[in-house]
Amino acid sequence: MWLDARTVNLIGGLDTPGVDAVRGALRRLAAVAPHHRLFRRRVEGSRWEYVPGPELAGHCDRMVTAVDADGSDPDEVVAALHRSAPDVPLRFSVGREVFALNLEHWLYDGWTSRRVAAAVLRAAAVGGTPSELLVARTRAPMARALARSWIQDSGTLVRTFRESRPAPPADSGSGPASGPGSGRAADAGTDHPAHGGPPGVEPGEASGPDPDDVAWSPALRVVSARGPADLLPWLRAWRDAHAPTASVATVLYAVTGPALAAVGLPPAAPGLTTLVDNRRYLGSDAFVMGNFAVPVYLAPDDARDPEAIGRALKASVSSALPLATMAFYAVHAARHGEDNPPTTRPARPRAHPILNHLGRLSVFDDLPWLDGGRQARFHALATQGRPEDVTVYFSEVQGRLDVNIGFHGNVFDPAAIRAVAQMLCTDPLALLP
């Protein structure tokens, strides 16, 4: 939950409007909703405020800049945007064929940021107002979710406290994950810090440095790959025939560990970490704009078995453990404040994959695509919590699979990570036992 953590989302293959058109859409929104969450800024550390009315027009203009990019090297564009330090919490960047958001995590999570991007882009394209962002937000979402899960269903409360909470074995000394990259992405497109440390070690507690640790500073990178048009239908057909209780998400999760192992980076833990969107506990009439997801560590019987992964995920979700975990994080942050980012890494790093399946991004369906959307792409990069985190985003845009992998280039070989992305987009089923 680092206040300085950022995420960049980039949509490629667009007939993008101009900078002035995007600024106009934001100004029109500000005129009807000056106290919208978009128009907040951070002051004095963790305190926030709405931008005062006289400053709103100028703030809207600062929220949008041009970027010298044409989509030919989106990985570098995304990494460069993440390295930048905008003077506003949310920045829109407009280039030839690309549209990006660069946002602070305290403002939004991934689920909401994609809806913001789509709404602003659509409004800018037609000279309108992004009115779909005027939906009333659900108040006290955590209290409401806990009430729905525990008070209305006492069986869930029993399962919450009876269900075991698996944790990965102690790693090689990097300490517990306490920052956003340990899951700054999403099972449903949301972002939240993860606890990936050894059993019994809570966020903020140190497990002690390894004497072989070396000094380290972040060097965040991203690689991406896009699957052919027939990849997702092929995966669904295989799933139907061989793993009918699985989802395409758990099939992709099952092949990621073997893909990392194939390039000499076997995962450090036998299980896997994924994100659970806690909006599922609120009901269909809820609308939460802030971070409302949490990472969970799953310990399936076999992390290469899509159905076993599905069973482990279902058990975690049905027990409301993700919701209880989020409540714990909130209390911990309130009591202990922000954890310091790591300054060392293990001399012999091992990959800690965090898997985030965003699903079909239908919110992008009616964007102003070029060439019928055949070049549509989605890219994401988030601040990583640990040096060894490898955050994998799976998403479906215009019927094709996009894979994005965020990592630190001074920890893992970029060529090896790129090979993983390519394997996941070419013949992923060959990786299963």
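In this predicted model, alanine 66 sits opposite valine 94, a residue of strand 5. That strand covers residues 90-95, and its partner here is strand 4, with three bridges holding to the parallel sense.

Zooming out, strands 4 and 5 belong to an open sheet of five strands, ordered 4-5-6-1-13 and mixed in its pairing. The edges go to strand 4 (64-66) and strand 13 (377-382), each of which pairs on one side only. From one strand to the next, the twist averages 15°. As background, strands of a sheet pair through backbone hydrogen bonds, and the pairing can be parallel or antiparallel.

Then there is helix 1, made up of residues 19-32, which lies across strand 4, strand 5 and strand 6 (98-104). Relative to strand 4, helix 1 runs at about 175°.

Now for another strand pair, further along the chain. Strand 9 (residues 272-277) teams up with strand 10 in the antiparallel sense, over six bridges. Within this pair, leucine 275 faces proline 295 of strand 10. Strand 10 itself takes in residues 293-298 and is mostly covered, with six of its six residues buried. How do the side chains split between the two directions? Ala293, Pro295 and Tyr297 point one way from strand 10, while Val294, Val296 and Leu298 point the other way. Both sets are buried, so Pro295, the residue opposite leucine 275, counts as buried too, meaning under 20% relative accessible area.

Definitions and conventions. Residues numbered from 1 in each chain as written. Predicted model: local features only at pLDDT ≥ 70, side-chain atom pairs only at ≥ 80, totals over all residues. Heavy atoms only, no water. Pairing = 2+ DSSP bridges. Helix = DSSP H or I, 4+ residues; strand = E, 2+ residues; numbered from the N terminus. Axes fitted to C-alpha atoms, helices over the stretch in contact; angles between N-to-C directions. Contact = heavy atoms within 4.5 Å. Buried < 20%, exposed > 50% of the residue type's maximum accessible area, 1.4 Å probe, protein only.
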